[in-house]
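Student: Could we go through this structure together? I keep meeting words like "buried" and "salt bridge", and I'd like to see how they are earned.

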Amino acid sequence: MIAILKKELLSQFRSKRSIVLLILIILLSLIAGKYSLSLSISQGNSSSGSSPLFTVIFSIYIILMPLISAIMFGGIVAREVKDQSLRYLIPIISRRKILFSKYLAMNIYFIVLFFISTSFILLLRQSYIFPLKLFAISIFIILYLNAITLCCSINLSSERSVFLSGVVLFIFFPGITLWNLIKPNIINKTLNFVLPSTYLDGKASLLIIIVLTIFIIWLSFYNFSKREI
Amino acid sequence: MLIARNIKKSFGKKRVLDDIDITLENGKITTIIGENGAGKSTIIGIISGFFFQDTGTVQKSTVSVMPDADSLFEDMTGKQFLKYILEIKKVDYKKAVTMAETFGIKKALNKKMCEYSFGMKKRSALFKLI
Ligand SMILES: Nc1ncnc2c1ncn2[C@@H]1O[C@H](COP(=O)(O)OP(=O)(O)O)[C@@H](O)[C@H]1O
Ligand SMILES: [Mg+2]
């Protein structure tokens, strides 16, 4: 299991897109850290460490994440099913372990990115109050969004369609928020519970996103156990 | 020892395997012969766990397979691939490298596998089994 986890993480961190993403994130963090010094946005509730600056930054990341997760990990199962390289693993390790290692790798990858970005901003601002609460909530959102990507990668036949579903979610999530603002009704109020931003803003219990995540993971494992390769 | 009993398998409406029984003994070479599309790969796929039979049972211990397809983890070098598989199988890497010499693939271990010729890929895949 650790071998698969290691391989997925290494090949991801070494990939060209990952390097591009890392550069973008560091740039964004630099800009945020630097310019917020002169803006009122940097002052906030410093006792809990959740300054408005971090709220803004994390919101941006969470909005982008369905897209980035699909770009980075869309092929995590779909590609290996398609080129049949999974056939080397299936006889020697259980499907459950394969999937679990891959899912873990996805989550570690994003948690590390969030951590890098946060550290950069803190360093630049010479502030050492870590936005713990925001970071913790973000971890649940990362688990949730990666579960969706994983589920798509199992059920769709190509990396490309997983990417497209990422694009759809990337538009769908803010779309619901907008719809809610313009004309609130029972449908979009219910749909609010699937939006990551709802949880980042603390507008709903984390328990709901945890249940959603568990359901999606269960669905992924179930479908993968039935998938012919 | 591998025992498969009453294996039936259809792809969609097409019945590919109809009540197949196979017994394979350890240490014996057994061949499955049949024309193209007869279902040889399908039965091997079921034994390996790639496909699921509609009915029937397979009793087996560990099975090593050299997949049919011309597929390896293309972006890994031979060495990375080998280490990866060995780590999962919990086999010592040094022992494997000595064996790689016998197979004549030792030199190629540092190359990316997408540069391998078909024969090289097959040799690596076969090597991985042992
Ligand atoms: N994944 C699949 N989906 C649908 N049909 C398949 C699939 N795999 C094999 N078949 C069909 O099953 C039959 C047996 O195929 P196969 O086991 O590959 O034959 P072979 O004996 O040549 O290895 C063929 O007619 C093939 O078209
Ligand atoms: Mg065949």
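Tutor: Sure, and keep in mind that this is a predicted model. Let's start with salt bridges: searching the whole structure turns up 10 of them over all chains.

Student: What makes A:Glu159 and A:Arg17 a salt bridge?

Tutor: Check the distance: their side chains meet at 3.5 Å, N to O. The cut-off is within 4 Å, so the pair qualifies. A:Glu159 sits in helix H7 of chain A and A:Arg17 in helix H2 (residues 16-35), so the bridge ties together parts 142 residues apart in sequence.

Student: How do you know whether A:Glu159 is buried, partly exposed or exposed?

Tutor: Its relative accessible area is 24%. Buried would need under 20% and exposed over 50%, so A:Glu159 is partly exposed. A:Arg17, with 37%, is partly exposed by the same reasoning.

Student: Which other salt bridge does A:Glu159 form?

Tutor: One with A:Arg79, where the closest N and O atoms are 3.3 Å apart. A:Arg79 belongs to helix H4 of chain A, so this pair ties together parts that are 80 residues apart in sequence. A:Arg79 has 36% relative accessibility, so it counts as partly exposed.

Student: Why is A:Lys102 called buried?

Tutor: Its relative accessible area is 1%. Buried means under 20%, so A:Lys102 is buried. A:Lys102 lies in helix H5 of chain A, and leaving aside neighbours within four places in sequence, it is in contact with A:Ile4, A:Glu8, A:Ile76, A:Val77 and A:Glu80.

Student: What makes A:Lys102 and A:Glu80 a salt bridge?

Tutor: Their side chains meet at 3.1 Å, N to O, and that is within 4 Å, so the label fits. A:Lys102 is in H5 and A:Glu80 in H4, so parts 22 residues apart in sequence get tied together. Both of these residues are buried. Salt bridges with shared partners also join A:Lys7, A:Glu8, A:Glu80 and A:Lys102 into one network.

Student: Why is helix H4 of chain A described as mostly covered?

Tutor: Just count: H4 covers residues 75-82, and six of its eight residues are buried. Those six are A:Gly75, A:Ile76, A:Val77, A:Ala78, A:Glu80 and A:Val81. What covers them includes H1, H3 (52-73), H5 (95-125), H6, H7 and H10 of chain A.

Student: Where is A:Leu156, and how do you know it counts as partly exposed?

Tutor: A:Leu156 is in the loop between helix H6 (132-155) and helix H7 (159-182) of chain A. Its relative accessibility is 27%, and partly exposed runs between 20% and 50%, so A:Leu156 fits. Not counting residues up to four places away in sequence, it touches A:Ala78, A:Ser161, A:Val162, A:Ser165 and A:Arg227. A:Leu156 and A:Gly75 are 81 residues apart in sequence, yet 9.8 Å apart in space, C-alpha to C-alpha.

Student: Now for the two chains. How many residues are in contact between chain A and chain B?

Tutor: 22 residues of chain A are in contact with 24 of chain B. The area buried between the chains is about 2,100 Å², with carbon and sulfur atoms giving 63% of it. On the chain A side, A:Arg87, A:Tyr88 and A:Glu228 lose the most area to chain B, together 35% of what that side buries.

Student: What makes A:Glu228 and B:Lys9 a salt bridge?

Tutor: The N to O distance between their side chains is 2.6 Å, which is within 4 Å, so they pass. The count between chain A and chain B is two salt bridges.

Student: And the ligand? What makes B:Thr42 and ligand 1 a polar contact?

Tutor: A polar side-chain atom of B:Thr42 lies 2.5 Å from an oxygen atom of ligand 1. The limit is within 3.5 Å, so that counts. An oxygen atom of ligand 1 is also 2.7 Å from an N or O atom in the side chain of B:Lys14, and B:Gly37 offers a polar backbone atom at 2.7 Å from a ligand oxygen.

Key:
Residues numbered from 1 in each chain as written. Chains lettered and ligands numbered in written order. Predicted model: local features only at pLDDT ≥ 70, side-chain atom pairs only at ≥ 80, totals over all residues. Heavy atoms only, no water. Helix = DSSP H or I, 4+ residues; strand = E, 2+ residues; numbered from the N terminus. Buried < 20%, exposed > 50% of the residue type's maximum accessible area, 1.4 Å probe, protein only. Contact = heavy atoms within 4.5 Å. Buried area = accessible area lost by both parts, 1.4 Å probe. Polar contact = N/O pair within 3.5 Å; in protein donor to acceptor, adjacent residues only side chain to side chain.
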